[in-house]
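Here is a quick tour of one protein model, written up as a short report. Have a look at the structure first, then read on.

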Amino acid sequence: KRTTQLLPTFVPGRLGELRRLPYKVGPDEAILTGPTQEMNAAADDVSPPAGQPPGLPTHEAIVLVVDLVESVQLMQADERGVIDRWQRFVAYVQQQVLPPAGGRLVKSLGDGLMIEFAAASPAVAAVNAMHDWMRTQCEPLADGRRLALRAGLHASTVYDATIDIYGVGVNLVARVASLAEGGETIATVELTDLLADTLDADVED
């Protein structure tokens, strides 16, 4: 078994880095930075007005946001190469990762994905598989640089609009993803609490 330490250290492992925010975070506690700005802005745009819950059904979900680190710089250097690799990555996710994990692709914004799952363990397995694909199956660009993902995971109640999901938790997970380094997943306490009995690691606070 691996030895897992929850913040401030990282969780080493073949299938990606996972760390936990050591407190429950509010929707305004993370700063919009880097490639996740577009995903963050989209999440903000669909938030219901304060005090006016939308007339939509709700359900509990594990929400995952992944995006491509330094996507703007990479696209400027090798647009065609990045697009080709990203398309192959998305096809892999849709065809091989999501079906066995019970995941649903909610939206794609060109350099990021938002996905929902019904359970925490399959969500972690899925994001780990995504990191692993980028490391082992995605060839470097012509200049030698490699593509890398950063990801955020959160457990939350979401509003279900069939082709989209809304809510504070949706906004939050995009911000959590923006805190991750390349090849890393950051999970909130709400998410890691669901993994306490299933995580294959020795956990140290």
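## A buried salt bridge

In this predicted model, Lys 107 and Asp 164 pair up through their side chains in a salt bridge, with 3.6 Å from N to O. The two partners come from distant parts of the chain: Lys 107 sits in strand E4 (residues 104-108), while Asp 164 belongs to the loop between E6 and strand E7 (165-166), 57 residues apart. Lys 107 and Asp 164 are both buried.

## Other charged pairs

How many salt bridges does the structure hold? The count is 7. Take Glu 139 and Arg 88, whose closest N and O atoms are 2.8 Å apart. Glu 139 is in the loop between helix H4 (120-136) and strand E6 (149-160) and Arg 88 is in helix H3 (residues 79-101), so this salt bridge ties together parts that lie 51 residues apart in sequence. Buried or exposed? Somewhere in between for both: Glu 139 is partly exposed at 33% relative accessibility, and Arg 88 is partly exposed too, at 30%.

Then there's Asp 143 with Arg 145, a salt bridge whose closest N and O atoms are 3.0 Å apart. Asp 143 has a relative accessible area of 49%, so it still counts as partly exposed, given that exposed means over 50%. Arg 145 is partly exposed as well, at 32%. Elsewhere, salt bridges with shared partners join Asp 84, Arg 85, Arg 88 and Glu 139 into one network.

## How H3 packs on H4

Two packed helices can be described by the angle between their axes and the distance between those axes. For H3 and H4, the angle is about 150° and the axes are 10 Å apart. Angles over 145 degrees count as roughly antiparallel, so that is how H3 and H4 run relative to each other. Their crossing is right-handed.

Which residues make the contact between H3 and H4? From H3 come Arg 85, Trp 86, Arg 88, Phe 89, Tyr 92, Val 93, Val 97 and Ala 101. They meet Pro 122, Ala 126, Ala 129, Met 130, Trp 133 and Met 134 in H4. Sorted by class, the contact of H3 with H4 has 12 nonpolar residues, 2 charged ones and no polar ones. Arg 85 and Arg 88 appear in this contact and also belong to the salt-bridge network with Asp 84 and Glu 139.

## Leu 147 in its loop

Leu 147 is found in the loop between H4 and E6. With a relative accessible area of just 5%, Leu 147 is under the 20% cut-off and therefore counts as buried. What is Leu 147 in contact with, leaving aside its neighbours within four places in sequence? Its partners are Leu 68, Leu 74, Arg 85, Met 134, Cys 138 and Leu 141.

Arg 85 is worth a second look here. In sequence, Leu 147 and Arg 85 are 62 residues apart, yet their C-alpha atoms are 8.5 Å apart in space. Both Arg 85 and Met 134, which touch Leu 147, also take part in the contact between H3 and H4.

## The chain overall

Zooming out, the protein chain has 6 helices and 9 strands. It runs to 205 residues, and buried ones make up 47% of them. Among the chain's contacts between residues at least 6 apart in sequence, 77% join residues at least 24 apart.

Technical notes: Residues numbered from 1 in each chain as written. Predicted model: local features only at pLDDT ≥ 70, side-chain atom pairs only at ≥ 80, totals over all residues. Heavy atoms only, no water. Salt bridge = Lys/Arg side-chain N within 4 Å of Asp/Glu carboxyl O. Helix = DSSP H or I, 4+ residues; strand = E, 2+ residues; numbered from the N terminus. Buried < 20%, exposed > 50% of the residue type's maximum accessible area, 1.4 Å probe, protein only. Axes fitted to C-alpha atoms, helices over the stretch in contact; angles between N-to-C directions. Parallel < 35°, antiparallel > 145°, perpendicular 65-115°, else oblique. Left-handed = near helix turned anticlockwise from the far one by under 90°. Contact = heavy atoms within 4.5 Å. Nonpolar A, V, L, I, M, F, W, Y, C, P; charged D, E, K, R; others polar.
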